Amino acid sequence: MTKATQMLSKTAFKLKKASPTIMVVGAAIGGVTATVLACKATLKAQYILAEHKANMEKIHETKDKVDSGEIQLSEGETYTKEDLTKDITTTYIKTGMKLAKVYAPAIGLGAASLGCMFGSHHIMTKRNATLTAAYIALEQSFNGYKNRVADRFGERVQHELEQNVKAVEVETKKVDENGVEEVIKEYKDIAEQADDPCTLIFDETVDTWERDADLNRNYLLLMESAANKKLRSQGHLFLNEVLTMIGTHGGQSLRTPTGQVVGWVYNPNDTSLHNHVDFGLTSFESSDEALKSFLRGEERSVILHFNCDGIIIDKI
């Protein structure tokens, strides 16, 4: 084993707690180097195999000459089939040892590279498991928080806090049958900036957005239908898959870290699941004036509220 192979083997051992990225890079470099060493070893192996072939021919030639009497052995000496087999075996063993010595650096370096690669995979698997556990704990904590807010202040306040909306007093004037004008005051939900990880502002920053409000509405309803078909066909659907279907943001993906673990699971027997994908275009409260304007074709942009089932990476 060469010095470079020994160094990489030691490095692979030490990198068990190192960055997976460094380990993958090391594995790639080691794999390329091992390939180069193997090619060089193959050139040397040709001479070894040629020598082996010559030795084998010499052994058989000697046996034939002994049998034909061309070579006279001393009295009491014989060259039996057992002797022939022993010489052939010895030749193969010596050839094998020479080939092993030539290919040892490439094999050692290749093994060390595989060690780095599998080590990196092991580290990432452990980290993903830890991350999933953290997300699950966070989701449980958040659900508990929502329930406590709803119990103390009511579901209305909980909805306003979760969806980041606020009730605004709106005055409208109405003329009754007697021609008398009266002012009617009512409260309507106004959506503020969306900060929920399961929301998306569909506006001109998304490349599939059009200046035609009807086209935008029909496109989103079509994507919603496609997402439901995909959910039913594969049994689960991540939010990032839906975001990818919708489009990109200035050429960059709409995918998010949260979208990689939250989504939907399809199981009609489980009443705790939605079992369908909803962009919030039909099930959202009718008091949302911005949504109603979008559905009427008066507004070209809309805030999408996805009805995710929560973290699903541990449920598939």
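Visitor: Where in helix H3 does the kink lie?

Guide: Keep in mind that this is a predicted model. Helix H3 covers residues 81-153, and a bend of about 50° sits in it shortly before the proline Pro105. The residue at the kink is Tyr103.

Visitor: And just after H3, which residue takes a positive phi?

Guide: Once H3 is over, the backbone takes a phi of about 100°. The residue with that positive value is Gly154.

Visitor: Staying with H3, is Ser120 buried or exposed?

Guide: Ser120 has its place in helix H3. Buried means under 20% relative accessible area, and Ser120 has 5%, so the label follows directly. Ser120 is buried.

Visitor: Which residues is Ser120 in contact with, leaving aside neighbours within four places in sequence?

Guide: Ser120 belongs to helix H3. With those sequence neighbours set aside, its partners are Pro20, Met23 and Val24.

Visitor: What about Lys94, buried or exposed?

Guide: Lys94 lies in H3 too. Exposed means over 50% relative accessible area, so Lys94 makes the cut with its 52%. Lys94 counts as exposed.

Visitor: What separates the C-alpha atoms of Lys94 and Ile48?

Guide: Along the chain, these two are 46 residues apart. In space, their C-alpha atoms are separated by 9.9 Å.

Visitor: Let's move to H5 and H6. At what angle do their axes cross?

Guide: Two packed helices are described by the angle between their axes and the distance between the axes. Here H5 takes in residues 213-234 and H6 residues 239-246, with axes that come within 10 Å. The crossing is right-handed. As for the angle, it's roughly 140°.

Visitor: Which residues make that contact, and how do they divide by type?

Guide: From H5 come Tyr219, Met223, Ala226, Ala227, Lys230 and Gln234, while H6 brings Glu241, Val242, Met245 and Ile246. By type, they split into seven nonpolar, one polar and two charged.

Visitor: How many of the residues of H6 are buried?

Guide: The buried ones are Leu239, Asn240, Glu241, Val242, Leu243 and Ile246. That leaves H6 mostly covered, with a buried count of six of its eight residues.

Visitor: What covers those buried residues of H6?

Guide: The cover includes helix H5, whose axis comes within 10 Å of that of H6. Strands contribute as well: among the covering elements are S3 (199-202), S4 (236-238), S7 and S8.

Visitor: Just after H6, what phi does Gly247 take?

Guide: Gly247 follows right after the helix, and its phi is positive. The value is about 155°.

Visitor: Back to Gln234: what is its relative accessible area?

Guide: Gln234 is found in helix H5, and it's one of the residues in the contact with H6. Its C-alpha atom is separated by 9.3 Å from that of Val265, 31 residues apart along the chain. Gln234 counts as partly exposed, because its relative accessible area is 32%.

Visitor: Which residue has a positive phi although it is not a glycine?

Guide: Most residues other than glycine have a negative phi. The one you're after sits in the loop between strand S7 (262-265) and H7, and it's buried, with a relative accessible area of 15%. Its phi is about 60°, and the residue is Asn275.

Visitor: Which residues does Arg296 touch, not counting those up to four places away in sequence?

Guide: Arg296 is found in the loop between helix H7 (289-295) and strand S8 (302-305), and it's partly exposed at 46% relative accessible area. One partner is 79 residues apart from Arg296 along the chain, with the C-alpha atoms separated by 9.1 Å. Arg296 touches Arg217 and Glu289.

Visitor: Zooming out, what share of the chain's residues is buried?

Guide: The chain has seven helices and nine strands, and it exposes about 20,300 Å², 56% of it supplied by carbon and sulfur atoms. Among contacts between residues at least 6 apart in sequence, 67% join residues at least 24 apart. Of the 316 residues, the buried share is 32%.

Note on methods:
Residues numbered from 1 in each chain as written. Predicted model: local features only at pLDDT ≥ 70, side-chain atom pairs only at ≥ 80, totals over all residues. Heavy atoms only, no water. Axes fitted to C-alpha atoms, helices over the stretch in contact; angles between N-to-C directions. Helix = DSSP H or I, 4+ residues; strand = E, 2+ residues; numbered from the N terminus. Left-handed = near helix turned anticlockwise from the far one by under 90°. Contact = heavy atoms within 4.5 Å. Nonpolar A, V, L, I, M, F, W, Y, C, P; charged D, E, K, R; others polar. Buried < 20%, exposed > 50% of the residue type's maximum accessible area, 1.4 Å probe, protein only. Areas by Shrake-Rupley, 256 points an atom, 1.4 Å probe, with all protein chains shown as cover. Bend = angle between axes of the 7 residues up to and from the residue.
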